[in-house]
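Here are some worked exercises to try at your own pace. Keep the sequence and the model side by side, and have a go at each task before reading its solution.

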Amino acid sequence: MSHFFETINCRDGQLYLLDYHQERVNRTFRAQFPQANPFRLSPLLESQIPNQDWFRCRVSYDSLKQKVEFIPYRLAEHQSLQLVEVADFTYPFKSENRSFFNDAVASSPCSDVLFTQNGFLTDSSYANVCLLENGVWYTPEKPLLLGVKRQFLLDQEKIKTRSIHCDDLARYEKIALINALRDFERVYAFTLKDRVLYLQKAANWTD
């Protein structure tokens, strides 16, 4: 049986982007469990939400059952990202089988990896990517995973999509890693050398 999961931002008793997570659950069921009805996140979670502090709410599921965990969360920091070419890899659904990502990070000398396909940027091991040029944030047109925060920011017209080749990284001023729990709190300036992005905290860094 295939298992999938959602990671939801839970902060001070509030769940964020729940409609976007529900749509991804629905999409996963349509593709992976077409004979089953998707479960509803809101009634599953509403009686379990912690009243304070910051948590990563992880909902693991298959077609029949769900498991909910609330895990204390804090934003990770990075010093470097290694560009790793993965031309044939796909990750269209948020599967619990993440050995590919874990192995890539474990074998890298850097804090995280930034995957490319035919030279074009996709995602890091756990986040979508945004890059800044002339005051506009761009995200790769074809990520490995359609992230909920990425879609929210697109819907809010705060970011735009673009094909971003690794040979063109010098034109960009800053980089941010975004996911359900990360927005633009961690923004980095960067330099590129030998397929490694060396990161420095940008001026609008927040904690």
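The exercises below go from a sheet to aromatic rings and then to nonpolar cores.

This is a predicted model, in which local features need pLDDT of at least 70 and side-chain atom pairs count only at pLDDT 80 or more, while totals for chains, interfaces and linings use all residues. Residues are numbered from 1 along each chain as its sequence is written, and side-chain values use heavy atoms, with hydrogens and water left out.

**Exercise 1. Work out the strand order of the open sheet of four strands, and find its edges.**

Step 1: Recall that strands (E, at least two residues) and helices (H or I, at least four) are DSSP runs numbered from the N terminus, and that two strands pair if DSSP finds at least two bridges between them.

Step 2: Start from β1, residues 4-11, which is joined to β3, residues 54-61, by eight bridges in an antiparallel run. In this pairing, Phe4 faces Tyr61.

Step 3: Turn to β2, which is antiparallel to β1 and joined to it by two bridges. Arg11 is found opposite Gln14 of β2. Two residues separate these strands in a hairpin, and Asp12 in the turn has a positive phi of about 50°.

Step 4: Put the order together: β2-β1-β3-β4, with antiparallel pairing. β2 (14-15) and β4 (66-72) are the edges; each has a single partner strand, so one side of each lacks a neighbour in the sheet.

**Exercise 2. Describe what lies across β1, and how covered this strand is.**

Step 1: Look at helix α1, residues 18-32, which lies across β1, β2 and β3. Its direction is at about 175° to β1 (axes are lines fitted to C-alpha atoms, for helices over the stretch in contact, with angles from 0 to 180 degrees between N-to-C directions; contact means heavy atoms within 4.5 Å).

Step 2: Check burial, meaning under 20% relative accessible area with a 1.4 Å probe and protein chains only. Seven of the eight residues of β1 are buried.

**Exercise 3. Classify the ring pairs that Tyr61 makes with Phe29 and Phe39.**

Step 1: Apply the cut-offs: rings of Phe, Tyr and Trp (its six-membered ring) pair if their centres lie within 6.5 Å, and planes under 30 degrees apart count as stacked, over 60 as edge-to-face and the rest as tilted.

Step 2: Phe29 and Tyr61 are stacked, at 5.9 Å centre to centre and 15° between the planes. This pair joins helix α1 to strand β3, across 32 residues, and both partners are buried.

Step 3: Phe39 and Tyr61 are edge-to-face, with 5.1 Å between centres and 65° between planes. Phe39 belongs to the loop between α1 and α2 (41-45) and Tyr61 to β3, so this pair ties together parts 22 residues apart in sequence.

Step 4: Widen the view: ring pairs link Phe4, Phe29, Phe33, Phe39, Tyr61 and Phe93 into a cluster.

**Exercise 4. Find which residues touch the most other members of the largest nonpolar core.**

Step 1: Such a core is a set of buried Ala, Val, Leu, Ile, Met, Phe, Trp, Tyr and Cys residues joined through side-chain atoms within 4.5 Å.

Step 2: Among its 18 residues, the answer is Leu114, Leu131, Leu169, Ile175, Phe190 and Leu197.

Step 3: A second, separate core has 16 residues, including Phe4 and Phe39.

Note on methods: Buried means under 20% relative accessible area, exposed over 50%, partly exposed in between (1.4 Å probe, protein chains only).
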